[in-house]
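Me: Got a minute to go through this one with me? I'd like to look at the domains and then at how the chains meet.

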There are 4 protein chains.
Amino acid sequence: MSNLTRFGISIDDELLHSFDQLIKNAGYQNRSEAIRDLIRNYLVQRQWEDSQSSVVGTITLVYDHHVPGVEHKLTHQQHEHTAHIYANTHVHLDQHNCLEVIIVKGPAQTIRSLADRLIAQRGVKHGNLTCTTTGAALA
Amino acid sequence: MSNLTRFGISIDDELLHSFDQLIKNAGYQNRSEAIRDLIRNYLVQRQWEDSQSSVVGTITLVYDHHVPGVEHKLTHQQHEHTAHIYANTHVHLDQHNCLEVIIVKGPAQTIRSLADRLIAQRGVKHGNLTCTTTGAALA
Amino acid sequence: MSNLTRFGISIDDELLHSFDQLIKNAGYQNRSEAIRDLIRNYLVQRQWEDSQSSVVGTITLVYDHHVPGVEHKLTHQQHEHTAHIYANTHVHLDQHNCLEVIIVKGPAQTIRSLADRLIAQRGVKHGNLTCTTTGAALA
Amino acid sequence: MSNLTRFGISIDDELLHSFDQLIKNAGYQNRSEAIRDLIRNYLVQRQWEDSQSSVVGTITLVYDHHVPGVEHKLTHQQHEHTAHIYANTHVHLDQHNCLEVIIVKGPAQTIRSLADRLIAQRGVKHGNLTCTTTGAALA
């Protein structure tokens with residue numbers, strides 16, 4: 001684990017006041033934590049723009065399990081990417097609709113392509129790829 | 001379950017050609033499915049803009065479980081929202097870093113506020129709220 | 001004009017190192033300025049989420065001026081909103097395509113609705129609403 | 001100019017009903033135009049993900065012209081990119097704040113980098129890069 005560095009920044013009073021109010025509403029306990037979050041967000045965004053960097057993400061799918069073949073095809077595509085999948089969670093939303101979250105890791109480009117293919121499947125009503133991080137470089 | 005309506009649309013040749021190439025790469029089997037996905041995406045985006053509408057989402061957190069109190073606080077905040085949480089999935093990314101996905105439902109505003117508070121917690125390095133749908137209105 | 005406040009924040013060495021590299025590439029001269037930008041971005045995002053707050057933005061339209069009636073309709077809709085428009089800039093992209101930037105101010109909801117209507121016009125190929133700020137509260 | 005192709009798509013009744021309501025509110029006159037806009041949006045998004053493709057965009061800056069050197073530096077950076085700039089529009093927001101819109105074209109990566117450098121400038125309070133299109137491939 002690495003060490004902390006402390007440094008000073010100058011911010012205009014009014015700007016700081018607006019920021020303090022906003023982060024209080026969001027539940028932050030102090031400015032340092034809120035600023036670290038802004039910095040980490042910025043780093044994660046840029047990391048995902050580099051197609052080769054190794055990322056972690058979640059693919060969220062909502063699908064109708066009554067559409068013939070949809071479960072089989074989603075399972076099949078995932079089995080071709082077992083090295084990039086940590087885990088799956090499944091929720092039965094109602095009689096028709098399922099929500100499935102797939103936790104993935106790998107090169108940004110591979111992960112994007114896997115998400116595209118799952119979302120494109122007939123029966124999948126909505127899909128998202130959420131970009132997060134291994135956390136390792138964000139100590 | 002509702003019925004299908006079939007209708008015609010006119011699209012410029014070149015535009016259609018570019019679209020066909022793009023959706024083939026993404027893995028779509030036909031135009032109808034790709035267009036339905038664009039429509040559903042548009043509906044889900046607008047749904048989340050209405051703070052009162054009932055939505056489904058996932059909150060993805062990456063945190064360092066060695067930060068004192070972080071696990072306790074994340075658990076505590078979730079227990080105040082049990083009515084809005086379907087399920088949790090946890091992945092041990094490395095010795096320090098955990099990834100947790102929380103599947104949530106409820107009014108858009110409540111869900112946003114819960115996500116804000118979890119992400120604001122010290123020890124949480126990165127967080128996202130992914131907006132999806134109950135699927136019910138997207139038959 | 002208001003005063004500057006100086007305060008300290010603590011950041012992990014590795015995180016700070018990654019941040020320093022990224023902002024150097026982006027052309028920032030020091031951390032304070034980069035952190036102020038992250039803070040201002042966060043404030044502007046939240047400001048636009050409140051439908052009543054007064055905002056400034058730009059609406060960018062690309063349209064084919066050969067489509068009958070498109071110029072007339074775009075002009076007509078703007079004349080119903082003169083109180084919300086600062087200025088227009090027009091670029092002739094090629095023989096068919098025009099780009100027009102409309103600089104707008106007003107309540108977030110009004111501005112969104114004006115943008116929707118302009119983008120929906122037949123002949124308009126692509127449109128964006130860019131959310132920025134009056135700058136006044138971001139001293 | 002190219003020709004129109006007409007083809008049929010099948011959509012579930014309920015989904016179509018929600019879509020029809022939404023596009024009516026946004027000011028669309030028919031489904032074809034709304035669907036063409038969704039398709040063009042999708043194409044433009046993917047185009048910007050390819051760093052080499054030639055794009056058009058707008059860079060919106062809000063800055064305080066009292067900050068020493070800011071105008072000079074913004075002008076200087078733009079003069080190094082005259083080949084990528086169509087036009088500038090300037091609005092005096094209040095005694096301190098200026099809004100400037102720069103209409104740009106070029107390879108996506110070059111445009112992103114120019115935007116980064118302008119936004120990073122001290123005195124620039126907020127900046128956005130809006131990604132649009134030459135329109136040429138979106139006939």
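Me: How far apart do the C-alpha centres of domain 1 and domain 2 of chain A lie?
Reply: They're 29 Å apart in this predicted model.

Me: And where do those two domains run in chain A?
Reply: Domain 1 of chain A covers 13-49, and domain 2 covers 54-138.

Me: How many residues does each one give to the contact?
Reply: Five come from domain 1 of chain A and six from domain 2 of chain A. On the domain 1 side, the classes are three nonpolar, one polar and one charged.

Me: OK, switching to the chains. What turn and shift lay chain A on chain B?
Reply: A turn of 180° with a shift of 0.0 Å along the axis, and the RMSD is 0.0 Å. That's how a two-fold axis relates copies.

Me: Which surface do the copies use to meet?
Reply: The same one, because 98% of the interface residues of chain A are also interface residues in chain B.

Me: Now C and D. How many residues are in contact there?
Reply: 40 residues of chain C are in contact with 40 residues of chain D.

Me: Which elements of chain C give two or more residues to that side?
Reply: There are helices H2 (31-49) and H4 (108-120) of chain C, plus strands S2 (54-64), S3 (85-92), S4 (97-107) and S5 (124-132) of chain C.

Me: What's the mix of nonpolar, polar and charged on the side of chain C that touches chain D?
Reply: It divides into 16 nonpolar, 15 polar and nine charged residues.

Terms used:
Residues numbered from 1 in each chain as written. Chains lettered and ligands numbered in written order. Predicted model: local features only at pLDDT ≥ 70, side-chain atom pairs only at ≥ 80, totals over all residues. Contact = placed C-beta atoms within 7 Å. Helix = DSSP H or I, 4+ residues; strand = E, 2+ residues; numbered from the N terminus. Nonpolar A, V, L, I, M, F, W, Y, C, P; charged D, E, K, R; others polar. Domains from an automatic or database assignment. Least-squares fit on C-alpha atoms with pLDDT ≥ 70 in both.
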